[in-house]
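User: I am new to this structure and would like a close look at a single part of it. Please take one helix and explain how it sits among its surroundings.

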Amino acid sequence: MQQYVLNVWEPVGPPPPPELLEKVMADVEAVDRDMREAGVWVFAGGLHQPEASTVLRPVGDDVLTTDGPFAEGKEHLGGFSIIQAPDLDAALVWGRRLATATGLPIEVRPFRYAQE
């Protein structure tokens, strides 16, 4: 089966208020649970805000280290789920469920090479 990453794109800034975040987290946990029960879930994780990142850029024979994201933007990769699905249509079904649960854009992207 092909593996897909479901990227969660979050706005930069503080998290939503607790009363909103609690519902979102409960909805996401329900989708994760359904993914596990369906046997498509491989791995998932949340990420810190962009300022927590470090960029390593090759420059000649050296590698330059800088704080912060590679590019600034209004949105950032906030988390992801990796799933196994027979095809893109099946992966999009899970992506739609995750978009509904989070209220955020979800990018569905296949891995370049199928995993055995």
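User: Which residues of helix α2 are buried, which are exposed, and what do the buried ones pack against?

Analyst: This is a predicted model, so some words on confidence come before the helix. The chain averages a pLDDT of 92, and 97% of the residues score at least 70. Among the elements of the chain, α2 has the highest mean pLDDT, 97, while strand β3 (residues 54-59) has the lowest, 90.

The setting comes next. The chain has two helices and six strands, and along the sequence they follow the pattern β-α-β-β-β-β-α-β. Along its principal axes the C-alpha trace spans about 45 × 40 × 15 Å. Of the 116 residues in the chain, 26% are buried. Among contacts between residues at least 6 apart in sequence, 78% join residues at least 24 apart.

Now the helix itself. Helix α2 covers residues 88-102, which makes 15 residues. At 1.5 Å a residue these should span 21 Å, and the end C-alpha atoms are 20 Å apart, so the expected and modelled lengths agree.

The buried residues of α2 are A91, W94, G95, L98, A101 and T102. Seen down the helix axis, these residues fall within an arc of 120 degrees, and therefore they line one face of α2. On the other side of the helix, D89, R96 and T100 are exposed. The buried residues pack against four elements: β1 (2-11), α1 (18-38), β5 (75-85) and β6 (106-110).

The two ends of the helix can be described as well. At the N-terminal end, D87 acts as a cap: a side-chain oxygen of D87 lies 3.2 Å from the backbone nitrogen of D89. D89 is also one of the exposed residues named above. Just after α2, G103 takes a positive phi of about 75 degrees.

The buried face also has a part in the nonpolar core. The largest such core has 15 residues, and those with the most contacts inside it are L6, V31, M35, I83, W94 and L98. At least two residues of this core come from each of β1, α1, β5 and α2. W94 and L98 are both on the list of buried residues in α2. V31 shows the packing residue by residue: leaving out residues up to four places away in sequence, V31 touches W94, R97, L98 and A101.

Strand β5, one of the elements packed against α2, has further neighbours that can be followed through H76. H76 is placed in β5. Its relative accessibility is 6%, so H76 counts as buried. Apart from residues up to four places away in sequence, H76 touches V8, W9, E10, P11, V12, H48, Q49 and P50.

P50 leads on to a glycine in the loop between β4 (62-67) and β5, namely G68. P50 and G68 are 18 residues apart along the chain, and their C-alpha atoms are separated by 6.0 Å. Without its neighbours within four places in sequence, G68 is in contact with P50, E51, S53, T54 and V55. At 8% relative accessibility, G68 counts as buried too.

To return to the question: the buried residues of α2 line one face and pack against β1, α1, β5 and β6, while D89, R96 and T100 on the other side are exposed.

Key. Residues numbered from 1 in each chain as written. Predicted model: local features only at pLDDT ≥ 70, side-chain atom pairs only at ≥ 80, totals over all residues. Heavy atoms only, no water. Expected span 1.5 Å × (residues − 1). Buried < 20%, exposed > 50% of the residue type's maximum accessible area, 1.4 Å probe, protein only. Arc of directions from axis to C-beta. Contact = heavy atoms within 4.5 Å. Polar contact = N/O pair within 3.5 Å; in protein donor to acceptor, adjacent residues only side chain to side chain. pLDDT = per-residue confidence, 0-100. Core = buried A, V, L, I, M, F, W, Y, C linked by side-chain atoms within 4.5 Å.
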